[in-house]
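Student: Could you walk me through some of the words people use for a structure like this one? I would like to see how each word is earned.

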Amino acid sequence: MKKIKTIGCEEALKHLLAYLDQELGPAKRRELEHHIEICRTCFSRAEFEKLLKTQLREAGRETVGAAFEEKIKSLLGRF
Amino acid sequence: MMPLQLNQEETVTQADDRGFFEEKVIGLLDQLFGAAMRLVKNREDAEDLVAEAVTKAWASRRSLKDTENFRPWIFRILTNTFISDCRKRAVRPQTETLSENPSDAETAFSLFEELHQPFLLWWGNPEKEFLNKLLREDLAKAVDALPDLFRIVVVLSDLEGFSYQEMAGILKVPVGTVRSRLARGRGLLQKALWRHAKEAGLIKESKKSSERFYEKDKNDRL
Ligand SMILES: [Zn+2]
């Protein structure tokens, strides 16, 4: 198995949001996952940011009313 | 005047288009409306924005090259409609005094750093307790308080789950700009949540005193 580069907290924090956004390449992702396994503070921080992201997504969820859906359908019918 | 045969072909394509278009739009309606709500901040305007975007999308349906890209494509139209409506209403751009430089103090602001208590024993987790106290409404208000430029990327990323690459396409800006706006937007959002939590009394004791409390607690127990 290839050895994973050990990174410090500063480096981990720099990439944390991209990691949670699933935007890190495989090498960087492994480095970050490794750091989170061994560093309690960064682990807690990752959990916190992840939870906040989930809550934001839930807060943004909306459901249109039946009246509005009908309005859009009749708009589409006129196209 | 176009030849008759071409006209007939056109009619057939349009009928196919309409079924596909309608199915996609209805399927995405809640999501489009959710994004619109956070962009314009009230139901009535959000409904108008979605209706306007759907009308524009139909008119420019030929610009959709790959049907797989329908979702980012229609969100791009929604976002552009929002931006051009702001301009039409001559709304002063809220970004004038804000740089996009992510090294600003707002970007550096972290709720976690404010809340985390390193001396706490494993069963205490003030940062999670803080999030548990936040209501849906608190989060929505914090998003609404963001300047347009940063609100758009937070909505597209955190609420709608678009990738950096997709957002770059939606906003027609480089990926680096997406990253820096997102970093800035999230920093501002956390700062707004912190301010709100203080005003609402969600945070009662200062970090210092609670640290002392837990230190004492720890000494008593171990
Ligand atoms: Zn660390």
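Tutor: Let's take the terms in turn, keeping in mind that this is a predicted model.

Student: Which residues coordinate the zinc ion?

Tutor: Cys9(A), Cys39(A) and Cys42(A) each do so through SG, and His35(A) through NE2, at 2.0 to 2.3 Å. In sequence, these donor residues follow the spacing C-x25-H-x3-C-x2-C. Cys9(A) lies in helix α1 of chain A and Cys39(A) in the loop between α2 and α3 of chain A, 30 residues apart, so this pair links distant parts of the chain.

Student: What makes the arrangement around the zinc ion tetrahedral?

Tutor: The 4 donor atoms subtend angles of 101 to 114°. Four donors count as tetrahedral if all angles lie between 85 and 135 degrees, so the arrangement is tetrahedral.

Student: How do you know whether Cys39(A) is buried or exposed?

Tutor: Its relative accessible area is 13%. Buried means under 20%, so Cys39(A) is buried.

Student: And why is Cys9(A) called partly exposed?

Tutor: Cys9(A) has a relative accessible area of 39%. Partly exposed covers values between the 20% limit for buried and the 50% limit for exposed, so the term fits Cys9(A).

Student: Why is α2(B) called oblique to α3(B)?

Tutor: Their axes come within 9 Å and cross at roughly 120°. That makes α2(B) oblique to α3(B), because roughly perpendicular covers 65 to 115 degrees and roughly antiparallel means over 145. The crossing is right-handed.

Student: Which residues of α2(B) meet α3(B)?

Tutor: Among them are Leu49(B), Val50(B) and Ala53(B), while the α3(B) side includes Trp73(B), Ile77(B) and Phe82(B).

Note on methods: Residues numbered from 1 in each chain as written. Chains lettered and ligands numbered in written order. Predicted model: local features only at pLDDT ≥ 70, side-chain atom pairs only at ≥ 80, totals over all residues. Heavy atoms only, no water. Donors = N, O, S within 2.8 Å, 3.2 Å for Na, K, Ca; no water. Tetrahedral: all angles 85-135°; square planar, octahedral: opposite > 155°, others 65-115°. Helix = DSSP H or I, 4+ residues; strand = E, 2+ residues; numbered from the N terminus. Buried < 20%, exposed > 50% of the residue type's maximum accessible area, 1.4 Å probe, protein only. Axes fitted to C-alpha atoms, helices over the stretch in contact; angles between N-to-C directions. Parallel < 35°, antiparallel > 145°, perpendicular 65-115°, else oblique. Left-handed = near helix turned anticlockwise from the far one by under 90°. Contact = heavy atoms within 4.5 Å.
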